[in-house]
Structure formats: C-alpha cells, structure tokens
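Trainee: I should like to learn how the features of a structural model are read. May we take them in turn?

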Amino acid sequence: MAKKNPSFSPRASRKTAMQPQGTGLTLDPNFNPTQARKAAAHDARKLGLQRGDLPNSIKEVIATLTQAGFEAYIVGGGVRDSLLGLVPKDFDAVTDATPAQIKEVFGKRCRIIGRRFLLCHVYSGRDMIEVATFRAPPSDSNHTTQDGMIVRDNVWGNIFQDVVRRDFSINALYYQPLDGVVYDFCGGLADIEAGVLRLLGDTQKRIEEDPVRLLRALRFKAKLGFGFDAALERQFSSQNWALLAQVSPHRLYDETQKMFTGGYLRALLPLLFDYGALAQLLFYPPTMLTPLVEQVMINTDKRIGGGKSINPAFFYAAILWENYLYLLEKYKKNSPFVEAQVQAANKVLDKQRPITAMPKFAEQFIKDIWLMQTRLANPRKKNLLKLFENPRFRAAFDFLLLREQVEARNRTLAEQHGQAVTLDDESTNGMGHWWAWFQTLGSKQQMQAIDEFDINAVRTRFGNIVAHTLDHHTDAQANDPDKPNTNQGLSEQQQLEKDQLRQLSLADHDKPATPAEPLWQTQHADVWLDNVADDAADEIASADDEPHSRANRSRRNRNTTTLANTGVPNKRRHRVPSSDLSVLERRRLATAQQAPTLQALATAGVPKPDLVDETVITDNQSTAISATEANTTETKTGTSIPPKTKRARKPKNEPADDHAVTESKPKTKPKRKAKTTAAKDAEQADSTDNEQPAKPKRARKPKPAPDSDASAAADDQPPRRRRRKTTETPTHD
C-alpha cells in the first residue's frame with residue numbers, strides 16, 4: 001500500500017462519507033449548493049497540503065483563471081498523490097470556463113486539443129498544464145452508442161455535475177490552493193484512508209460508459225496497492241472486457257503507455273494475466289510470463305526508478321517476441337531466412353495494429369530489434385563495425401543481452417516442466433557479453449578486437465559464463481546458505497570477467513566496490529606503461545626549469561597518468577618554441593645588454609653612438625653582440641677599440657652612422673637600367689663588325705592571284721568599316 005501523508009486524518013473524511021454518492025447528489029430535490037460546498041470543504045493544511053509545495057506553473061494557471069472571474073481547482077492524481085505522500089507526476093486543473101474562454105484568457109499559451117473530450121494545454125514556462133472544463137451528463141443519445149459508451153463528452157456543466165462525471169472517488173477531490181480548501185463531495189478522503197478503489201454511481205453503467213476504466217482500475221491497484229470494492233470486483237468479466245473492442249486503438253495504446261512506463265510494471269503485469277486483460281491487448285496473448293518478459297519487466301522498473309528514460313516500444317518487442325518466433329518458424333520453411341524474418345515481423349505488427357495502434361516509428365523500432373538479433377548473435381567479421389555503428393545497435397544489444405541472461409533459466413524451467421517454456425531456442429553464442437566488452441574498448445583496441453574476432457573463440461570463452469548466468473534471484477540465493485552456490489564451477493579469472501560483465505549488464509545496476517580487472521592484457525604492458533610514464537615525468541620536470549615559457553606552464557598541469565595511458569612518443573609531442581619573449585621583453589633585454597658597451601666606450605673616450613633600433617634585434621643577434629663586447633681587442637698603442645658592428649639602415653637624405661647596428665639581409669642583384677635607343681644602335685654596330693654575315697632568308701612564295709571575276713566583284717563592293725564598341729549610358733527621362 002502507498003505511504004500515506006502523516007498529516008492526513010480520517011476524522012476529516014467521515015463527514016463527507018455520509019453525503020449522497022453518485023448521481024443522487026444532483027437529483028436530490030432538496031439539494032442546496034451552498035450547504036453542499038460548506039459540508040464538503042476541508043482545511044488543506046490539516047490534510048497536509050501546503051501551497052508552497054506546488055510548482056509555480058499550476059499556481060500561475062489557477063491564479064490567472066481566478067483573476068479572470070472563473071472557478072479553478074486542482075483535481076485528479078495530483079491531489080491524490082499529495083495526500084498519500086507521493087510525488088505527483090503532473091497536475092491537472094479544472095474550471096467552469098469553456099475551452100474558447102480559456103483560449104481567450106491565455107492567448108498563444110493555450111492550445112485546444114481532443115475531439116471526444118476537448119481539453120486545453122496551457123504552457124507556463126517549461127511546464128504544460130492540462131485544463132479541462134466542468135462536464136455534465138450526456139443530454140441525448142447522440143453522445144452515446146447503443147451499448148451506452150460515451151463517444152462525445154463535451155457537455156459543459158458545474159462543479160456538482162462534474163463530480164458525477166469522475167470515475168473513481170479518490171480522483172474526485174478539488175483543491176483550491178489560493179483559499180487553502182479541499183472539496184470532497186463523494187467520500188474520496190475516506191476511500192483514500194481505507195485504501196479502496198470505488199467507482200462513482202452505478203458501477204456497471206460506468207464501465208459501459210468507458211471500458212478503459214477497467215484498465216485504469218488495475219493500474220491504480222498496482223501503483224497504490226489499493227483493493228477493489230465488491231461492486232468493482234464483479235466487473236472484470238469477459239463480457240465487459242469485450243467492450244474494449246469499441247475503444248479507439250490509439251487510445252488503448254496511450255493507456256498501455258501509462259501502464260508500461262509507470263514504474264510498477266512488476267506488480268501490474270501479473271494482474272493483467274490474472275484478470276484476463278492481455279487477451280484484449282494482444283492478438284495472440286501469452287499464457288504465462290516467460291523469463292525474458294519477466295527480466296525486461298524488472299529492468300524497466302529499475303530504469304524508471306533511477307530516473308532514466310525508456311521506450312514503451314521496447315516492452316512491446318519483448319511481449320510480442322514469442323509471436324514473432326512462431327511465425328518465423330512457419331515462414332522460413334518456404335522462404336529464405338532473411339525474407340522470412342521480414343514477413344514474420346510485418347505479420348505480427350499488422351495483426352497488432354487494429355488493437356493498439358502504435359506509431360510508425362515505434363513499429364520500425366520493434367522491427368529493427370527483431371531483425372538484428374541473428375546478425376548480432378552470429379555476425380560476420382566484416383560486418384562487425386557496421387553493426388556497431390547502426391542507430392538501433394544499443395536497443396538490439398540490450399535485447400540480446402537480456403536473452404542471453406535468461407538462457408540458463410529457460411533450460412532449468414524446461415527441465416522442471418518437461419517441455420520448453422519458450423520458442424527462443426537459438427543460442428546467442430555469448431555475443432551479448434562480447435558486445436558488452438567491445439563497448440569498453442578504445443577505437444584502436446576495437447579495431448584490433450575486430451581483426452582477432454573468432455566466433456568459436458567467443459563461444460568457448462563466454463560459454464561457461466552464460467551457462468552460469470544467474471536470474472534476478474541471485475542476491476537472495478547468495479544470502480541463503482542452504483541453497484547451492486552456482487559460482488563454484490567458475491575459475492578466478494572467469495569470476496572476474498563475470499563481475500565486469502554484470503556491471504555492464506542491464507540486469508544489475510549495482511556498482512562493485514572495486515573495479516574489475518581488464519579481460520585481456522598485452523604482454524609486458526606494465527613495463528611499457530612504466531617507461532612511458534617515466535619519460536613523461538622527465539619531460540614535465542625539465543619543462544618546469546624554464547620559468548618564462550607559456551607552453552611549459554600548460555604542461556605542468558598535464559596529468560602524468562594521462563600521458564602514460566595515451567602512449568605518445570616524445571618525438572611526436574609538441575615542440576618547444578624557439579622563443580616566447582614578447583616585444584617589450586626583447587627591448588628590455590637589448591637595453592640591458594648595451595649598457596656595458598656604452599660605458600666602455602665612454603671610458604675610452606670614443607664618441608657615444610646612437611641608440612640601437614631595438615625593434616630589429618632578435619634573440620640570436622643580441623647574444624652575438626654581448627659576446628663581441630665581452631671580447632674586445634686592444635691595439636698596439638693600448639687603446640681599446642670597440643667591436644665592429646653592422647650599419648643600421650637610415651632614412652634617405654641622412655648620413656650613415658658607423659656605430660649603428662642593422663639587421664643582416666640577403667644580397668639581391670641590382671636592377672638593370674633600361675637602355676636608350678642610341679646605346680642599342682651602338683651595340684648593334686659593334687656586333688656587326690665582329691660577326692660573320694648572316695645567311696639570306698628564304699623568300700616566301702607569292703600567293704596565287706585571285707580570279708578576275710571575283711576580284712572585280714570585290715572591287716565593286718565598298719570597304720567594310722570596323723565597328724567601334726561603345727558603351728551606352730542609360731538615360732533617365
């Protein structure tokens with residue numbers, strides 16, 4: 001049973017339990033709305049409801065509708081779960097404003113949806129609040145079918161009529177957070193305290209109005225742990241289950257989504273078997289829970305409890321797996337295996353579509369999982385990388401690993417019952433554990449694993465682990481000393497492998513206290529890693545000796561272990577730049593190096609040279625200058641002579657300074673001056689005197705004379721003028 005709010009008191013609910021129930025509330029001729037409100041009002045604080053616990057989105061929607069002059073309340077599961085001490089999944093609001101009026105109040109933030117039951121989706125920040133209008137009982141037969149099922153529920157009413165339209169009493173509580181009042185018109189607080197699920201009004205009639213309430217009753221029973229009252233318990237008959245055939249397949253799929261993604265599938269699925277609901281939800285329902293479906297059920301609840309997202313189609317793939325295998329065995333007798341797979345998958349989905357209409361992407365998701373099972377379990381070496389890069393690989397791998405985990409249990413149950421409990425007799429060859437190990441490798445190690453892949457070696461290595469794979473009762477069996485230990489047949493190395501693979505598996509999310517050792521190790525890998533780590537440490541230590549290097553400062557923060565694991569040789573690492581000095585640092589260094597030279601020249605009586613152009617001095621030149629100044633030579637007379645330096649380039653029209661230092665530049669050839677015509681004639685005359693006479697040129701043959709008629713005709717025609725291209729400028733009138 002769900003945990004109740006500690007502030008919840010049954011005394012507050014006794015008063016409303018005596019009120020008329022069902023339709024009698026509105027048909028009573030002495031009914032007084034004011035007195036009914038006063039009798040149904042309860043202090044929210046005494047019930048443990050605090051306004052501060054509500055999200056800002058629902059408070060903003062209620063406040064906006066109230067300020068616009070409408071009634072607005074929080075209703076449904078949000079109030080129920082808050083009273084039970086649970087965390088509500090969402091909050092719904094109800095008001096006396098029509099959908100058009102709600103749209104007028106919220107403007108673009110409101111979107112009207114639905115056809116059978118008009119609703120408004122109001123967006124407040126990142127949250128979406130579902131706002132409904134008070135409903136009234138159907139006014140004529142146009143809103144119901146011959147069996148009494150409501151097909152149109154868009155008759156507006158007031159809060160008292162809306163109470164009658166609610167399905168369960170625990171969902172008919174109206175909470176006004178601004179006033180701090182909870183209205184209970186039908187004894188819902190007493191049913192919450194007693195843990196009873198009760199339909200309002202005539203139970204049989206309410207089931208005929210909406211047969212989906214049978215599925216909702218099972219869902220609330222599994223979620224809250226409540227029991228059915230006597231009238232509701234009698235409604236789970238084959239006659240009422242047959243009414244689900246009149247419900248839209250899309251609505252049934254939405255209801256199954258809520259059942260499979262609520263986090264209580266482990267308690268709900270046995271109820272669906274016991275009460276016969278699966279016969280109306282699947283075209284060929286299973287007669288018992290297979291180990292695969294049970295394992296998927298457990299893992300789904302674990303993922304939801306851990307805050308992880310799930311795909312409802314994954315559970316459909318598991319529960320329809322037996323139907324797919326049955327048709328596959330039938331079609332592969334007359335068709336190739338690949339074609340038989342496609343035919344079987346399409347047939348199953350076509351049969352299921354009229355019952356629960358799944359979206360196209362969900363059907364494709366299920367189909368891809370089924371078709372990839374054989375390729376993942378018995379892959380070709382050349383297709384390993386393609387399978388790993390497939391967008392559906394992760395879902396298909398999870399399905400394969402779950403099948404592999406229940407192989408041992410399938411064999412055990414088959415021995416106990418004397419026959420197979422599942423049609424899944426194809427071995428996975430231990431590939432589920434191999435793929436789990438493959439995903440832990442790096443890119444280079446994955447390529448090496450693909451090159452060394454051998455299906456027989458994988459089957460031999462992981463076959464023992466698959467044979468000893470434990471079911472979900474592993475922890476209970478480990479705590480019971482009377483039960484035999486199934487791990488006795490495993491060696492120490494196999495036990496280490498199993499611990500690591502169970503950590504990767506979806507069946508066990510508990511992290512081990514110590515990380516498992518790697519499955520494969522390279523020979524002498526420890527020695528090689530130690531050498532790489534030592535080289536990296538020496539390089540970092542040498543880099544620390546250079547205090548002015550920016551690159552070295554980043555190297556000090558680099559982790560030695562990371563360098564060792566990457567194994568990058570020293571030659572391939574980034575080289576140290578020749579100089580990291582800034583322009584200002586170069587100028588200061590040049591000025592400091594010139595100071596002794598200038599002082600020596602001043603002592604010897606040599607005129608002071610001009611300042612050096614520091615911007616053109618490089619590090620190598622400054623070092624050469626300081627070395628030359630330190631080794632000055634003396635002449636015979638004993639006077640010291642300053643070192644020879646290169647002249648600095650001066651601007652034009654300025655004398656060159658002998659003491660200036662310039663930057664050495666490569667020599668370039670001088671440009672040739674253009675020769676005048678007279679010089680060319682003189683050179684040509686000189687060359688003709690010394691040269692031998694040139695050979696006479698060959699005379700060209702004269703062109704044949706044209707015909708006389710053609711020449712005469714050509715003389716008569718006027719000469720053609722060559723057109724001159726001109727650009728016309730546009731004129732503007």
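Trainee: Among the elements of the chain, which has the lowest mean pLDDT and which the highest?

Mentor: pLDDT is the predictor's confidence in each residue, from 0 to 100. Helices (H or I, at least four residues) and strands (E, at least two) are DSSP runs, numbered from the N terminus. Here helix α1 (residues 11–17) has the lowest mean, 39, and strand β2 (residues 72–75) the highest, 96. The chain averages 74, and 60% of the residues score at least 70. This is a predicted model, in which local features need pLDDT of at least 70 and side-chain atom pairs count only at 80 or more, while totals for chains, interfaces and linings use all residues. Residues are numbered from 1 along each chain as its sequence is written, and side-chain values use heavy atoms, without hydrogens and water.

Trainee: How many aromatic pairs are counted?

Mentor: Rings of Phe, Tyr and Trp (its six-membered ring) pair if their centres lie within 6.5 Å; planes under 30 degrees apart count as stacked, over 60 as edge-to-face and the rest as tilted. The count by this rule is 27. One of the pairs is F228 with Y275, edge-to-face at 6.0 Å between centres and 75 degrees between planes. F228 belongs to strand β10 (residues 227–228) and Y275 to the loop between α14 (265–274) and α15 (278–281), 47 residues apart.

Trainee: Is F228 buried or exposed?

Mentor: Buried means under 20% relative accessible area, exposed over 50%, and partly exposed in between (1.4 Å probe, protein chains only). F228 counts as buried because its relative accessibility is 13%.

Trainee: Which charged end sits over the ring of F228?

Mentor: The criterion is that NZ of Lys or CZ of Arg is within 6 Å of the ring centre and within 35 degrees of the ring normal. For F228, the charged end is that of K221, 4.9 Å from the ring centre. Likewise, the charged end of R37 sits over the ring of Y183 at 5.9 Å from its centre.

Trainee: Which residues does UniProt list for "active site"?

Mentor: UniProt positions are given in the numbering used here, feature names are shortened, and annotations may be inferred rather than shown by experiment. The unreviewed UniProt entry lists D90, D92 and D167. D90 lies in the loop between α5 (77–83) and β3 (92–95) and is partly exposed at 46%. D92 lies in strand β3 and is partly exposed at 25%.

Trainee: Beyond its neighbours within four places in sequence, with which residues is D92 in contact?

Mentor: Contact means heavy atoms within 4.5 Å. With those neighbours set aside, D92 touches Y73, I74, V75 and E130.
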